[in-house]
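Okay everyone, thanks for coming. I'd like to walk you through a few spots in a structure that's new to most of you.

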Amino acid sequence: MQRPGMRAMLAYLDAQKGRQHTVIFDDLKRFARDTEFHIKLRREFAELGASIECLNFNFEDTPEGRFIETIIAAQGQLEREQNKRQVVQKMRARVEKGYYVFHPPIGYRYAKDRMHGKLLVRDEPIASILAEALEGFASGRFGSQVEVKRFLESKPDFPKSGKTSYVHPSKVKDILQRPVYAGYVEAPDWGVSLRKGHHEPLICFSTFERVQAVLSGKVYAPARKDISEDFPLRGFVCCDDCGEPLTSCWSKGRNKHYPYYLCDTPKCPSKRKSIPRAKIESGAAEVLRSLQPAKQMFAMAQAMFADAWKIRLKQAHTAKDTLATQIKDIDEQIEVLLDRVVDASGESLVRAYEAKIEKLEKQKLLLADQAAQAVPPKGRFDDFIEHTLAFLASPWNIYENGGIALRRTVLKLAFAEPLSYNRESGYRTAKTTFPFKVLAGISTQKCEMVEPRGIEPRTSCMPCKRSPI
């Protein structure tokens, strides 16, 4: 009775009381979902004064006719419930084997596979956009769900809602909580726990766990609605008098609006004293340009990165062996708990054991994913070093040519803490991150090459007596 078509028809009949109507069904099984509602719907039509006709059944207002009608309705309900049970059993079996069986989530689509049948595959370019959003949220590049929302809205290829082309916040939260993007499937309503899927993941399971940790923690984002392309430095430049971040606004002049940064902290000497946007941003540009190290430093930096990579690679192999040992220990714990479940007599004790086993299984999946990701594939170093050296060479070029999200990422990577601005003298000395600090320290040292004679002090010439020979 809650079907949209049925509700519309009942509302129409209710509005047309006093007129005789006939409602026609092609089959009695299509009349109602189950026997109970079949009887309620028949009573509703009778109260509204509408008669019922069916193409393959004759309604008779007799005890025998009502009995046969009830039997046929019960038979239709039985067939629907049996069909539903068979469908659920088949879908549950597919999920237990590691296949996703529901409507494809955004970023995926179904494709026929010779071995797996109907399988989820990446739907590009949406899949790559979602992977960047999930990894950015896990790494801290996006400090909140609002920043993820803005990032998705900035991508023309990402599907949006409404005339204003926005992404609903509930959609963002649903994306962040879906384990399917990490390559795993589950069906809690059917009793199917989390397990490895056959489809290609967008992110690794450890990244997914970091996303859940951020979602469950009390993390407050520094982002605000008024952080936009108009004021990219809002929240990252602080007032030198009070140490609080500068706010921003557009001030209305006689003919147009003018952009300003200002401090809005109570009792601050610089409260509500506007600073032109061009002055703030040109000063920040000079600070970023000053971070460009000398070209001769890059050969040394590349050699340092190569040595560090070899050390980390050796540590990664050791970590992989350690993770394999931990997985083996968890398997032994699960076997012990399974034996205890068999011997347990109380229902509460069995549930406690099952909860512990489920927790260990999830921990095992996380360790297995970490072991798979522990050792980077060959050629990964070249990818890393290329992007790293491009950033170290000129963070200003990346900042100048990037959007609001990339600009704020450059600021976080280049500076260890927000910049401090004084209205009289400009920017204070910036505290840069470790890579720039090391390169700057090397380039400013008074270093010279060792002479061929060595570093030992010269000895004076001593008179000696030579032999005639």
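I'll start with a sheet and then move to two residues. Keep in mind that what you see is a predicted model.

So, the sheet. It's an open one with 3 strands, in the order E7-E11-E12, and the pairing is mixed. Strand E7, residues 237-239, and strand E12, residues 426-427, sit at the edges; each has a single partner strand, so one side of each has no neighbour in the sheet. In general, strands of a sheet pair through backbone hydrogen bonds, parallel or antiparallel. Here, strand E11, residues 419-422, runs antiparallel to E12, and 2 bridges join them. Which residue in E12 is the bridge partner of Tyr-421? That would be Tyr-427.

Now on to Tyr-258, which you'll find in strand E9, residues 257-262. Is Tyr-258 buried, exposed or partly exposed? Its relative accessible area is 35%, so we call Tyr-258 partly exposed, since that label covers values between 20% and 50%. Setting aside residues up to four places away in sequence, Tyr-258 touches Cys-249, Trp-250, Ser-251 and Gly-253. Arg-277 is 19 residues from Tyr-258 along the chain, with 8.6 Å between their C-alpha atoms.

Last stop: Lys-271, in the loop between E9 and strand E10, which is 275-276. Lys-271 is partly exposed too, at 38% relative accessibility. Leaving out neighbours within four places in sequence, its contacts are Cys-263, Asp-264, Thr-265 and Pro-266. And Leu-246, 25 residues apart from Lys-271 in sequence, is 9.9 Å from it, C-alpha to C-alpha.

That's my tour, thanks!

Notes
Residues numbered from 1 in each chain as written. Predicted model: local features only at pLDDT ≥ 70, side-chain atom pairs only at ≥ 80, totals over all residues. Heavy atoms only, no water. Pairing = 2+ DSSP bridges. Helix = DSSP H or I, 4+ residues; strand = E, 2+ residues; numbered from the N terminus. Buried < 20%, exposed > 50% of the residue type's maximum accessible area, 1.4 Å probe, protein only. Contact = heavy atoms within 4.5 Å.
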